[in-house]
Amino acid sequence: MTGFFVAAATESTDVGEPILNIAVFAGFVAITLVVVLRASRNNKTAADYYAAGRSFTGPQNGTAIAGDYLSAASFLGICGAIAVNGYDGFLYSIGFLVAWLVALLFVAELMRNTGKFTMADVLSFRLKQRPVRLAAATTTLAVCFFYLLAQMAGAGGLVSLLLGIDDRVGQSIVVAVVGALMIVYVLIGGMKGTTWVQIIKAALLIAGAFIMTVWVLAIYGFNLSGLLGAAADKGGDAVLSPGLQYGLTGLSRLDFVSLALALVLGTAGLPHVLMRFYTVPTAREARRSVVWAIWLIGVFYLFTLVLGYGAGALIGKDTILAAPGGVNSAAPLLAFELGGPILLGLISAVAFATILAVVAGLTITAATSFAHDVYASVVKKGKAEPGTEVRVARITVVVIGLLAIAGGIGVQGQNVAFLVALAFAVAASANLPTILYSLYWKRFTTRGALWSMYGGLGSAILLIAFSPVVSGAETSMIQGVDFHWFPLTNPGIVSIPLGFVLGWLGTITSRTPENPTIAAEMEVRSLTGYGAEEATNAVER
Amino acid sequence: MSNDAPGAATSDRATDFEQAERSEPFQRLKRSHRSFVFPLGVAFLVWYFAYVLLADYAHDVMATPVIGNVNVGLLLGLGQFVTTFAITTWYVSYSNRRLDPLADEIRADLAAGGHAEGGIR
């Protein structure tokens, strides 16, 4: 068996830890299920199911946002990238963090003031309801689906790493278990239950990373320079400065600029992040949420800097790359090095919890968008029977869950890193331009919105399809054929400006201006919060 | 009011939003908001991309040691964290001091029917 425990610790048996890992993970599932069941008692209206009755406080919601945002890719991926590629891994975390300023300054509060449940609520406020809603739902579902598939594929990879299950059947079973658990959480708990899962997970993840960070720093006498020196001794001086991963050719440098653009502009267009702004009673609480999220996420990324260099120094690049799971194994290997099987078990369980919480957040967002935007507004033309919308949302949760399981099993072992890049690029090129134009540009029209959303979505998918990530390179998804003509792995540098230009072009070529009365209404509402829905338990009952 | 109704927040036909939008307090709120977030937004994006381009194209500059093994690149990277935290704090204090009181005032005025003009829309 090529289990990673063999590589990590020859003195221990290689079945003891998987059982411990599963036990800790089962404990997490049991606790969160109880919380979800308790939280679900008051799920009656759509506002309860989609927006948790708007009853969360800013700090609670901020923690949940951090739980939603810090995926396994953030934790395992960035730690590993820093351990192996040094400084270049750090660049990711900076992009992921700075992006929150776009959400804080331009989007969060105005979205909360104008919408009800989904991104489409805001985008269609003063434009033609049905086409704009349909377009916004399409981009929402696309982003959720790409992100979901990447997380499910990650779950399979994590299993081989943490539980020592290498065969396809075993991995598929675990993917199915993760998917089934996620369906249960979202079906029963709705937004309230999902939010609590995310809060618990964020607390565990940040606490775990904090303990390991202090531990690593203690080894080097709390001297950052000493830690960096040790990392450089083991991995070469190059790990301390940029260039190891992206500095090789002119093309890879340009690729990095493209990635940086997608990261910084994508976050404020991620539908599962935007939807979290509706779970708080006021715009002021939405602002507090983002502030909490920025601090938690920022501090967490500072931890990953220490953990990444710590793994590079204590374990070494070659051992990490040789372990099953490769780059992603840096954090678990470090946990084992520091605290033996117990800390490894805890960190592994946290990594699973992370996938579960992120997947649940994506699923409820996709289900809400389908039920609220497509079913109630477009299919039923706003005349759905009361209660049917939530029923449709619940059915959608099951369908999406099954699709995610099937997709997750289908893409096992594939190179799916591009799916996350694609999700961010679509969010930045299809969603963000329309969000900013509708909130800040009074002349913006339906045609501008449609051109920008479909153009951004279409160009991002097209460019990825004809890029080296799909064909023509050693790491491509499809081997043996080469139909790529777009040289970069991230489409952002082309598709994001295109999304903005199309929005502008569509607007200035529109013959029919939009209704100025509703434009004025949207502007007044978005800035003052007049008429925004408050917590349902205070207003509706 | 049914909570299942689609659409954004329910439309309010009794309020003349165009008049409210033209009113002096609202224009002041809009100016205060935009004159704060737009320059700040441009500033942090320029600073972020300056950093990205330096990291991407000026490896030697970034590799210059400053204190022990801590080099320019690491300090600039940590600087991104510091500015993000600082801008967050600054924006919150500005909103609390300048934007929220104005928004509260306009909202109270609207709720009291200050811009009512029944039936228009």
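A residue counts as buried here if 20 or more other C-beta atoms lie within 10 Å of its own. Keep that idea at hand as we walk through this structure, which is a predicted model.

Let's begin with helix 10 of chain A, where the buried residues are Leu227(A), Leu228(A), Ala231(A) and Gly235(A). Imagine looking down the axis of helix 10: its buried residues fall within an arc of 95°, so they line one face of the helix. What do these residues pack against? The buried residues of helix 10 meet helix 9 (168-219), helix 13 (283-314) and helix 14 (317-322) of chain A, together with strand 2 (70-71) of chain B. Helix 10 itself runs over residues 224-235, a stretch of 12 residues. From its first C-alpha to its last it reaches 16 Å, close to the 16 Å expected at 1.5 Å a residue. Just after this helix comes Gly236(A), which takes a positive phi of about 95°.

Now step back to chain A as a whole. It has 21 helices and 0 strands. Its radius of gyration is 23 Å, close to the 24 Å that the globule rule gives for 541 residues, so chain A is as compact as a globular protein of that length. Along its principal axes, the C-alpha trace spans about 70 × 55 × 45 Å. Of the 541 residues in this chain, 66% count as buried. Contacts also link distant parts of the sequence: among those in chain A between residues at least 6 apart, 82% join residues at least 24 apart.

Next, let's look inside. The largest nonpolar core has 232 residues, and those with the most contacts inside it are Ile297(A), Ala311(A), Leu334(A) and Val359(A). Helix 15 (residues 330-379) of chain A supplies the largest share of this core, with 30 residues. Take Ala311(A) as an example: leaving aside neighbours within four places in sequence, its contacts include Cys79(A), Ala83(A), Ile320(A) and Leu334(A).

Our last stop is Ile435(A), found in helix 17 (residues 417-440) of chain A. Is Ile435(A) buried or exposed? Ile435(A) has 25 other C-beta atoms within 10 Å, and because the cut-off is 20 or more, it counts as buried. Not counting residues up to four places away in sequence, Ile435(A) touches Val107(A), Val122(A), Leu123(A) and Gly269(A). For a sense of distance, try Val159(A), which is 276 residues from Ile435(A) along the chain: the C-alpha atoms of these two residues are separated by 38 Å.

Notes. Residues are numbered from 1 along each chain as its sequence is written. Chains are lettered from A and ligands numbered from 1 in the order in which they are written. This is a predicted model: local features need pLDDT of at least 70, side-chain atom pairs count only at pLDDT 80 or more; totals for chains, interfaces and linings use all residues. Helices (H or I, at least four residues) and strands (E, at least two) are DSSP runs, numbered from the N terminus. A residue is buried if 20 or more other C-beta atoms lie within 10 Å of its own, exposed if 12 or fewer, and partly exposed in between; C-beta atoms are placed from the backbone. Two residues are in contact if their C-beta atoms, placed from the backbone, lie within 7 Å. The expected span of a helix is 1.5 Å times one less than its number of residues. The arc is that of the directions from the helix axis to the C-beta atoms. The radius of gyration is taken over C-alpha atoms; the globule rule is 2.2 Å times the number of residues to the power 0.38. A nonpolar core is a set of buried Ala, Val, Leu, Ile, Met, Phe, Trp, Tyr and Cys residues joined through C-beta atoms within 7 Å.
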